[in-house]
Amino acid sequence: MLPDMIATALRARLRWLLGSGAGVLVAIIIWLGITPSLSFENLPDWLELTILADEGGEGVLFTLILPFLMGVPLVLEASRWLGEEISRETIAFLLTLPVRRWILFLGGWGFHVLLLLLLLGSGIIGGWLGATVLEGGRSVSSILTPARWVALGLFLMLLIHVGMLAALFAANTWVGMGSAVGLMSVSLLLYGWSQYIPFLTWLRNILPWYYYVVTIQGEESAQVGWWFMGGLNLLLAGGLAWIFRQGRILEAPQYSKDKKLLTER
């Protein structure tokens, strides 16, 4: 039953998947094509370190291009699942059927994990084509480093979980979307500023961006980044699973309707 649920959802969103996958692939090739003509030397020091501009276009690809290029459509799709009224009412109806709730949760959650993996696959293909065809294979080893793609996947999954939870509690797709993108943007800025403002140094220990950057850099502290992102993802996924198990989403459609009535008054 679970594979059938995921397959059905995948067929329903096939056009979205093909469009997003093709967009990611083409965007990566274009970026690698224009990178040699770009100069990152005039960037502020804090921004250069934050987006790994010292590594050139390959560093910026993983810290700025891919997180936003993949994160925005993935989070929007995930937030729509738990924030759009029609979707919420559908889930609430399914929860009343004699179907185990963990199956319903895994069906929706697993579908979005599959979307993430497919977009990552599209990105890897685009990176390989761009590095091989446009750069003569010079940056293949840097772009196709498995640890970097795994770290990107964990970071994007973290954004997806944040978007899901925010959309669930706010009963609004755009609140979920804004919360996840805001977390990524604010985390990026605070990490950059914490490198030059002494009293903000402690902030990096709680910023997801810091753990993401040290993980893709492969520094000695990379292991801490793996534990942080992996553990936080498990915690958020467990929270979502608990909400489904308790049937809390049953209240979602009514809450959304009450909020609309209050707004109209």
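Is Ser79 buried or exposed in this model? With a relative accessibility of 0%, Ser79 counts as buried, where buried means under 20% relative accessible area, exposed over 50%, and partly exposed in between (1.4 Å probe, protein chains only). Before going further, a word on the ground rules: this is a predicted model, so local features need pLDDT of at least 70 and side-chain atom pairs count only at pLDDT 80 or more, while totals for chains, interfaces and linings use all residues. Residues are numbered from 1 along each chain as its sequence is written, and side-chain values use heavy atoms, with hydrogens and water left out.

Now for the overall picture. The chain has twelve helices and zero strands; these are DSSP runs (helices H or I, at least four residues; strands E, at least two), numbered from the N terminus. Of its 265 residues, 46% count as buried. Contact here means heavy atoms within 4.5 Å. Among contacts between residues at least 6 apart in sequence, 74% join residues at least 24 apart. On the outside, the chain exposes about 13000 Å², and carbon and sulfur atoms supply 67% of that area. Accessible areas come from the Shrake-Rupley method with a 1.4 Å probe, and for residues only the protein chains shown count as cover.

Next comes the inside. A nonpolar core is a set of buried Ala, Val, Leu, Ile, Met, Phe, Trp, Tyr and Cys residues joined through side-chain atoms within 4.5 Å. The largest one holds 63 residues, and Met70 and Leu74 touch the most other members. Several helices supply at least two residues each, including α2 (14-34), α4 (57-83) and α6 (101-134). The top contributor is α8, with 13 residues. In soluble globular proteins, nonpolar side chains tend to be buried together. Leu74 has plenty of company: leaving aside neighbours within four places in sequence, Leu74 is in contact with Trp16, Leu115, Leu116, Leu119, Leu156 and Ile160.

Back to Ser79, which sits in helix α4. Its side chain reaches the backbone nitrogen of Met177 at 3.3 Å. That pair is a polar contact, meaning N or O atoms within 3.5 Å; within protein, one must be able to donate a hydrogen and the other to accept it, and residues adjacent in sequence count only if both atoms are side-chain atoms. Not counting residues up to four places away in sequence, Ser79 touches Glu84, Gly163, Ala167, Thr173, Gly176 and Met177.

Thr63 also lies in helix α4, and at 0% relative accessibility Thr63 counts as buried. A polar atom of the Thr63 side chain lies 2.5 Å from the backbone oxygen of Ile51, and the backbone oxygen of Gly59 lies 3.0 Å from a polar atom of that side chain. Beyond four places in sequence, the residues in contact with Thr63 are Thr50, Ile51, Leu52, Leu188, Trp209, Tyr212 and Ile216. One of these, Leu52, is a bit of an oddity: Leu52 has a positive phi of about 55° although it is not a glycine. Leu52 is found in the loop between α3 and α4 and is buried, with a relative accessible area of 1%.

What about charges? A salt bridge is a side-chain nitrogen of Lys or Arg within 4 Å of a carboxyl oxygen of Asp or Glu, and by this rule the count comes to one. Arg80 pairs with Glu77, their closest N and O atoms being 3.0 Å apart. Both lie in helix α4, three residues apart, about one turn of the helix. Arg80 is partly exposed at 24% relative accessibility, whereas Glu77 is buried at 3%. Glu77 turns up again among the contacts of His112, together with Ala78, Trp81 and Met164, once neighbours within four places in sequence are left aside. His112 itself is in helix α6 and is buried, with a relative accessible area of 4%.

Finally, the surface has a nonpolar patch made of Val26, Ile30, Ile34 and Leu38, with about 320 Å² of accessible area together. Patches are made of residues with over 30% relative accessible area and no salt bridge; like charges are joined within 9 Å, and nonpolar side chains (Val, Leu, Ile, Met, Phe, Trp, Tyr) within 5 Å. Leu38 lies in the loop between α2 and α3 (45-50) and is partly exposed, with a relative accessible area of 36%.
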